[in-house]
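Here's a quick walk through a protein model, written for someone who likes cut-offs spelled out. Have the sequence and the coordinates open as you read.

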Amino acid sequence: VQLQACGGGLVQAGGSLRLSCAASGRSVSSYTMGWFRQAPGKEREFVAAISRFGSIYYAGYATGRFTISRVNAKNTVYLQMNGLKPEDTAAYYCAVGVRLAQNAPEYDYWGQGTLVTVSS
């Protein structure tokens, strides 16, 4: 499975971005798809994940501001981010795994990351 993330960019605080991650190589409709992020000098952290059945986990900071969704027919997962804050600045990575989980080691396939920069 290859994952290609896009949609990052520079946005002012309070703005919105929509990230996309398209999978290729095989169908991921039976897998969990998730997003993680890593800010400079910090460890990678969980953002959100959606299972094959549509169950969703959000990190606390993402709840109410971010929305994860998927379109299986397109083999794609999305992350709609509203109310962005400077502390959301990070490289955002999509990932595919078997279980709905918040731990990075649970995910088997990773995209290359797309950079989100939020200015104050």
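## A turn with an odd phi

N75 is found in the loop between β7 and β8, where strands (E, at least two residues) and helices (H or I, at least four) are DSSP runs numbered from the N terminus. N75 is not a glycine, yet its phi is positive, about 55 degrees. For context, most residues other than glycine have a negative phi, and most peptide bonds are trans. At 12% relative accessibility, N75 counts as buried; buried means under 20% relative accessible area, exposed means over 50%, and partly exposed is in between (1.4 Å probe, protein chains only).

Some housekeeping before going on. This is a predicted model, so local features need pLDDT of at least 70 and side-chain atom pairs count only at pLDDT 80 or more, while totals for chains, interfaces and linings use all residues. Residues are numbered from 1 along each chain as its sequence is written, and side-chain values use heavy atoms, with hydrogens and water left out.

## The overall build

The protein has zero helices and eleven strands, so its element string from the N terminus is simply β-β-β-β-β-β-β-β-β-β-β. Its radius of gyration is 13 Å, close to the 14 Å that the globule rule gives for 120 residues, so the protein is as compact as a globular protein of that length. That radius is taken over C-alpha atoms, and the rule is 2.2 Å times the number of residues to the power 0.38. Along the principal axes, the C-alpha atoms fill a box of roughly 40 × 25 × 25 Å.

Of the 120 residues, 44% count as buried. Take contacts (heavy atoms within 4.5 Å) between residues at least 6 apart in sequence: 56% of them join residues at least 24 apart.

## Surface and charge

The accessible surface comes to about 6000 Å², and 49% of it belongs to carbon and sulfur atoms. Areas come from the Shrake-Rupley method with a 1.4 Å probe; for residues, only the protein chains shown count as cover.

On the charge side there are 11 positive and 6 negative charges, and their mean positions are 9 Å apart. Lys and Arg count as positive and Asp and Glu as negative, with His and the chain ends not counted. Each charge is placed at NZ of Lys, CZ of Arg, CG of Asp or CD of Glu.

## Two cores

A nonpolar core here is a set of buried Ala, Val, Leu, Ile, Met, Phe, Trp, Tyr and Cys residues joined through side-chain atoms within 4.5 Å. The largest one has 28 residues, and W35, V47, F66, L79, M81 and Y92 touch the most other members. Which strands feed it? At least two residues each come from β1 (2-6), β3 (17-24), β4 (32-38), β5 (45-50), β7 (66-71), β8 (76-81), β9 (90-97) and β11 (114-119). Zoom in on L79: setting aside neighbours within four places in sequence, L79 is in contact with L17, R18, L19, W35, V47, A48, F66, T67, I68 and Y92.

There's also a second, separate core of seven residues, which includes F46, A59, A95 and Y107. A59 sits in the loop between β6 (56-58) and β7 and, at 10% relative accessibility, counts as buried. Beyond its neighbours within four places in sequence, A59 is in contact with F46 and V47. A59 and Q102 are 43 residues apart in sequence, but 8.2 Å apart in space, C-alpha to C-alpha.

## Three partly exposed spots

Is A104 in a strand or a loop? A104 is in the loop between β9 and β10 (107-110), and its 25% relative accessibility makes it partly exposed. Not counting residues up to four places away in sequence, A104 touches F36 and W110. From A104 to F36 is 68 residues in sequence and 7.9 Å in space, C-alpha to C-alpha.

Q38 lies in strand β4 and counts as partly exposed at 28%. With residues up to four places away in sequence left out, Q38 touches E43, R44, A90, A91 and Y93. The C-alpha atoms of Q38 and D88 are separated by 9.4 Å, with their positions 50 residues apart along the chain.

S69, in strand β7, is partly exposed too, at 29% relative accessibility. Outside the window of four places in sequence, S69 touches I50, T76, V77 and Y78. S69 and E43 are 26 residues apart in sequence and 24 Å apart in space, C-alpha to C-alpha.
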